[in-house]
Amino acid sequence: MIYDPHGDYSRRMTSGHCLCGSVTFELTGDPIATAVCHCEHCQRQSGSAFSVNIIAHKSQLTLNGELRTYQERGENNDDVYVERRFCPTCGSSVISELMKRDGVIAIKAGLLDDKSIVKPGVEVWCVDRQPWVSLPGMAVSLDREG
Ligand SMILES: [Zn+2]
Ligand SMILES: [Zn+2]
């Protein structure tokens with residue numbers, strides 16, 4: 001995983017909440033990266049063209065409130081490789097846990113209270129990127145995952 005030199009999360013507490021406010025969280029320390037994901041599944045889950053994710057270790061996150069979990073399996077319906085957690089009341093995507101990456105989670109950047117600190121430097125799954133999407137400032141663009 002690539003460290004993202006952009007974005008300053010350390011100056012203040014990074015906090016966030018879902019649309020209805022039943023789920024709140026705080027993130028401590030610097031995240032591993034801030035990454036845009038163009039994958040087809042993120043398009044479906046977000047109802048948008050891509051997701052914006054703060055990649056961190058789950059020990060950095062304190063989460064309050066109840067979440068529901070959708071377990072996403074591989075193409076052959078085999079191992080669960082990502083658990084997508086969302087607010088059961090308002091449906092906001094909150095975090096995804098990457099099961100093959102030992103405690104690494106993706107926190108949905110749109111839930112942050114202060115979104116001015118979000119500066120994605122990495123984009124992944126460009127094979128699924130919609131043709132009209134072109135994002136400035138990407139230091140790294142990967143066809144699939146990093
Ligand atoms: Zn909610
Ligand atoms: Zn994705």
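What follows is a short walk through one protein chain, from its overall build to a few single residues.

The model is predicted: local features need pLDDT of at least 70, side-chain atom pairs count only at pLDDT 80 or more, and totals for chains, interfaces and linings use all residues. Residues are numbered from 1 along each chain as its sequence is written, while chains are lettered from A and ligands numbered from 1 in the order in which they are written.

Start with the whole chain. Its secondary structure comes to one helix and eleven strands. Here helices (H or I, at least four residues) and strands (E, at least two) are DSSP runs, numbered from the N terminus. From that end, the elements run β-β-β-α-β-β-β-β-β-β-β-β.

Next, look at the overall dimensions. The C-alpha atoms fill a box of roughly 35 × 35 × 30 Å, taken along the principal axes. The radius of gyration is 14 Å, which agrees with the value near 15 Å for a compact globule of 146 residues. This radius is taken over C-alpha atoms, and the globule rule is 2.2 Å times the number of residues to the power 0.38. Of the 146 residues, 33% count as buried. A residue is buried if 20 or more other C-beta atoms lie within 10 Å of its own, exposed if 12 or fewer, and partly exposed in between; C-beta atoms are placed from the backbone. Contacts across the sequence matter for this picture too. Among contacts with a separation of 6 or more, 54% join residues 24 or more positions apart. Two residues are in contact if their C-beta atoms, placed from the backbone, lie within 7 Å.

Now take the sheets. Two strands pair if DSSP finds at least two bridges between them. One open sheet has three strands in the order E1-E2-E5, with antiparallel pairing. Its edge strands are E1 (14-17) and E5 (61-64), and each pairs on one side only. E1 and E2 form a hairpin with six residues between them. Gly21 sits in that turn, with a positive phi of about 90 degrees. Four bridges join E1 to E2, and Thr14 stands opposite Leu27 in E2. Four bridges also join E2 (residues 24-27) to E5. There, Phe25 has Leu63 in E5 as its bridge partner.

Which way do the side chains of E1 point? Thr14 and Gly16 point to one face and are buried, while Ser15 and His17 point to the other and are not. In a regular strand the side chains alternate between the two faces of the sheet.

The other open sheet has eight strands, in the order E6-E7-E8-E9-E4-E3-E10-E11, with mixed pairing. Its edge strands are E6 (68-73) and E11 (140-141), each paired on one side only. Inside this order, E3 (residues 33-37) and E4 (residues 51-57) run antiparallel, joined by five bridges. Ala35 stands opposite Asn53 in E4.

Finally, check two loops. Most residues other than glycine have a negative phi. Asp102 has a positive phi of about 30 degrees although it is not a glycine. Asp102 is found in the loop between E8 (93-98) and E9 (104-108). Is Asp102 buried or exposed? Asp102 counts as exposed, because it has 8 C-beta neighbours inside 10 Å. Trp125 also has a positive phi, near 60 degrees. Trp125 lies in the loop between E10 (122-124) and E11. Trp125 counts as buried, because it has 21 C-beta neighbours inside 10 Å.
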